[in-house]
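Visitor: Could you take me through one part of this model up close? I'd like to hear about the strand pairing first, and then about the aromatic rings.

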Amino acid sequence: MSVHTGADCKNPIRVQRGRGAVSNRTSRYESDVRVEFDDGWESGAECHDPVRTTVTDDSARSIITRNTSPDLGFDRSINPYRGCEHGCVYCYARPTHAFLGLSPGLDFETRLFAKPDAAGLLRMELAKPAYRPRSIAIGTNTDPYQPIEKDRAIMRSILEVLEETAHPVGIVTKSGNVKRDADILGRMGRKGIARVAVSMTTLDHRLSRSMEPRASSPGRRLLALRQLAQAGCPAGVMVAPVIPGLNDHEIEGILVAAAEAGASFAGYVVIRLPLEVRELFSEWLEVAHPGKAKRVLRSIRDLHGGNDRNLEFGARLRGRGITAKLISERFRKACGRTGLDRRPDPLRTDLFRAPGSREHPQRELPLFSEA
């Protein structure tokens, strides 16, 4: 853990090793505001214990979340976890922790919630007579393959239900641990009911470790992409987020590396800084890249018409203006050179069979078995 004092030595920013946010900034719903203040009694960063991860079971009553956003390619999604230990400092999902009365800062990456009943809830929702299958997106809010998945295996249990019912699924992850489910994803991919996009922000290990400290290294992500493709699951790369002045120069390199690893499609999203994310990202920039901070923030605002984000459908994910146009053109041309300009085929829905149907008699077993 290191200390960055910035302009005000009485309010130091303490950087936790292995964490993305450099503060536990109060959420917008709290009536009291917490402010760090060094009263001189502490000798420095070594007096502060590292923030440890805690996991609480979330007793959710349903597991499929619906949306009506016109610029998303899906209308339903699943999030096996709340919060994400990857700690990506730019993560647009951080403000959702405010709904839990927690900080979008360090709380988001250290106070996690798991949904152990996810597979059972999914089975019940798919069995409803009125249910009509469309592709389910996983990884839209928090990463389903964050470190706690190794012990919880909630994502794998969800995939087992989706494979059993032949339900289409699209996954986005920045974790190499997705390769653990390459067996299931390979079988589903060959049937046309699964695909995976591996999110790549940078090929620079040091930048990755600083900006997304507990996510897999760039090399491990490329290896996972290769293994998924070899297993038969269509795999692509998502260059996200593109941050002008910080990683935008890597667009072409990331696409070349992904194509060589077996990617068959590609996409990108530009950075946006909603609500508390703006201050959290700005704090991190001042610590990690003090010489670039003002220029990067100015370039981000240029992407969104002078704001930190654009709420306009069709523009919020790609931006507007000269910078956005340059990013779009560079991405398009690089995809053409690497063969990643092909649109993936739509995932099939015609193979779906509801739990308990005659095609799957084993699904009539009780939801929960006795120990």
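Guide: Let's start with valine 55, which stands opposite leucine 112 in β7. Keep in mind that this is a predicted model. That contact belongs to the pairing of strand β3 (residues 54–57) with strand β7 (residues 111–114), which runs in the parallel sense over 4 bridges. β7 also pairs with strand β6 (residues 81–82), this time in the antiparallel sense over 2 bridges. There, arginine 82 stands opposite phenylalanine 113 in β7.

Now for the rings. The count comes to 3 aromatic pairs. In one of them, the ring centres of tyrosine 131 and phenylalanine 352 are 5.8 Å apart with the planes at 55°, so the pair is tilted. Tyrosine 131 sits in the loop between α2 (118–126) and β8 (136–138), while phenylalanine 352 is in the segment after α11 (322–338), so the pair ties together parts 221 residues apart in sequence. Both tyrosine 131 and phenylalanine 352 are buried.

Tyrosine 268 and phenylalanine 331 make another tilted pair, at 4.7 Å centre to centre and 50° between the planes. This one links strand β12 (residues 266–270), home of tyrosine 268, to helix α11, which holds phenylalanine 331, and the two residues are 63 apart. Tyrosine 268 has a relative accessible area of 5%, so it's buried; phenylalanine 331, at 10%, counts as buried as well.

Tyrosine 268 has a charged neighbour too: the charged end of arginine 318 sits over its ring, 4.1 Å from the centre. You'll find a similar arrangement at tyrosine 92, where the charged end of arginine 272 sits over the ring, 4.5 Å from its centre.

Definitions and conventions:
Residues numbered from 1 in each chain as written. Predicted model: local features only at pLDDT ≥ 70, side-chain atom pairs only at ≥ 80, totals over all residues. Heavy atoms only, no water. Pairing = 2+ DSSP bridges. Phe/Tyr/Trp six-rings, centres within 6.5 Å; stacked < 30°, edge-to-face > 60°. Buried < 20%, exposed > 50% of the residue type's maximum accessible area, 1.4 Å probe, protein only. Lys NZ or Arg CZ within 6 Å of the ring centre and 35° of its normal.
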